[in-house]
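Here is a brisk report on one protein chain. Keep the structure open while reading.

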Amino acid sequence: RDLVSPEPEGDERLIEAALRPKRLDEFIGQGRVREQLSLVLESALRRSRPPDHVLMSGGPGLGKTTLSMIIAAELGAPLRMTSGPALERAGDLAAILSTLSEGEVLFVDEIHRMARPAEEMLYLAMEDFRVDIVVGKGPGATSIPLDIAPFTLVGATTRAGLLPAPLRDRFGFTAHMDFYEVDELERVLDRSARLLSVELPPEGAHEIARRSRGTPRIANRLLRRVRDFAEVRAEGVITRDVAAAALNLYEVDAEGLDRLDRAVLDALLRKFGGGPVGLSTLAVAVGEEPETVEVVAEPFLVRQGLLARTPRGRVATASAWMHLGLTPPPDAFG
Ligand code: ADP
């Protein structure tokens, strides 16, 4: 999508890899998760046993992949990476599980999108470090149990609610990743600016941080766009005004709302009088998948106090009307 799309785009994966913190003490923010995780890892190291399986839930770009790499690094263990959609058949998963080495960390991104047969194989693997390989078809089929090396599963999901309970219950530890505070994003930006050799005064960092939708991936991306702008138009100096002008140019508004956020709000207010309106109706009105609206736009709008999810549907708050400069209908708020 566009500038504030939470997914990595194009050659961004390479830049992201370069900006990734490598150890837990370089990882900024998420204080509680960091502390809990460091205990889990430390005690595993002391017992010389792989730690419990870890589930990380939270929106895109909040650091789930980064943390999984850190877990492997802190354990001094190899890391294997795959994703739910890549595990279409049980055989896809069996091929990975049966070749894991002792203590290896297996990262499964978007674990809620794994196919059912693979999911069932994973239950047994997580619990008993065993898989049942089914040989043959129909009444003559037999299953051959196969021991696998003790490993640690690190699952990541943007939608923890979609995980079946038996899978969720097999994780010993769940890390809930939340949006970052502005001062935490300032530190992310400061670190990235140093790695990219960009001069970033605190006032510029602040302006970018507060428009980054609470998301490190977006902060890093906006930093690169603002740097380009500053080099061409402002002799490379990222003052507050330069940052603001650059971000306005890229249609990121003063609260960090992007085009999709504003389209959702705009539809909610203009087409549905502020709601309540159902998620799928709202998604059709902005031409997006309901999942995109629900996972990408809504959590941030809710956090900014612009939208509320109610049992009857999505509802705009008074701030939403103000944000778009519109007047609510007289009966809007009781
Ligand atoms: P996710 O897997 O949740 O989508 P990633 O782990 O890929 O997110 O993070 C996206 C980018 O944001 C990475 O390039 C990483 O450098 C940066 N990032 C994420 N979390 C942090 C953090 N806590 N401190 C510093 N940089 C971070």
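Among the contacts of Ala219, beyond four places away in sequence, are Leu185, Val188 and Leu189. Ile208, Ala209 and Ser212 also touch Ala219. The model is predicted.

**Cores**

Ala219 belongs to the largest nonpolar core, which has 55 residues. Ala219 is among the residues with the most contacts inside this core, along with Leu93, Leu189, Ile208 and Val226. Which helix gives the core its largest share? Helix α9, residues 216-233, does, with 6 residues. Another core lies apart from this one. That core has 16 residues, including Ala267, Val296, Phe300 and Ala320.

**The sheet**

An open sheet is formed by 5 strands. Their order is β2-β3-β6-β1-β7, and the pairing is parallel. Which strands stand at the edges? They are β2 (79-83) and β7 (173-176). Each has a single partner strand, so one side of each is left without a neighbour in the sheet. From one strand to the next, the twist averages 15°.

Strand β3 pairs with β2 and with β6. The table lists both pairings.

| Strand pair | Bridges | Direction |
|---|---|---|
| β2 and β3 | 5 bridges | parallel |
| β3 (residues 105-109) and β6 (residues 152-157) | 4 bridges | parallel |

Leu106 is a good place to look within β3. Arg80 stands opposite Leu106. In β6, the bridge partner of Leu106 is Leu153. In a regular strand, side chains alternate between the two faces of the sheet.

Helix α4 (residues 90-97) joins this picture too. With β2 and β3, helix α4 makes a β-α-β unit, and the unit is right-handed.

**Annotated domain**

UniProt lists residues 50-181 as "domain: AAA+ ATPase", in an unreviewed entry. The span is 28% helix and 27% strand. Its end C-alpha atoms lie 32 Å apart.

**Annotated binding-site residues**

The unreviewed UniProt entry also lists a "binding site". Its residues include Leu19, Arg20, Gly61, Lys64, Thr65 and Thr66. Glu127, Asp128, Phe129, Arg170, Tyr180 and Arg217 are listed as well. How far are these residues spread in space? Up to 36.9 Å separates their C-alpha atoms, and they are spread over 199 residues of sequence.

Two of the listed residues deserve a closer look. Gly61 sits in the loop between β1 (54-57) and α3. Is Gly61 buried or exposed? Gly61 counts as buried because 28 C-beta neighbours lie inside 10 Å.

Thr65 is found in helix α3, residues 64-75. UniProt places the feature "binding site" at Thr65, again in an unreviewed entry. Why does Thr65 count as buried? Thr65 has 21 C-beta neighbours inside 10 Å, and the cut-off for a buried residue is 20 or more. Leaving out residues up to four places away in sequence, Thr65 touches Asp109 and Ala156. Asp109 falls within the residue range of β3, 105-109, and Ala156 within that of β6, 152-157. These are the two strands joined by 4 bridges.

Note on methods
Residues are numbered from 1 along each chain as its sequence is written. This is a predicted model: local features need pLDDT of at least 70, side-chain atom pairs count only at pLDDT 80 or more; totals for chains, interfaces and linings use all residues. UniProt positions are given in the numbering used here, feature names are shortened, and annotations may be inferred rather than shown by experiment. A residue is buried if 20 or more other C-beta atoms lie within 10 Å of its own, exposed if 12 or fewer, and partly exposed in between; C-beta atoms are placed from the backbone. Two residues are in contact if their C-beta atoms, placed from the backbone, lie within 7 Å. A nonpolar core is a set of buried Ala, Val, Leu, Ile, Met, Phe, Trp, Tyr and Cys residues joined through C-beta atoms within 7 Å. Two strands pair if DSSP finds at least two bridges between them. Axes are lines fitted to C-alpha atoms, for helices over the stretch in contact, and angles run from 0 to 180 degrees between N-to-C directions. A crossover is right-handed if, with the strands pointing away from the viewer, the path from the first strand over the helix to the second runs clockwise.
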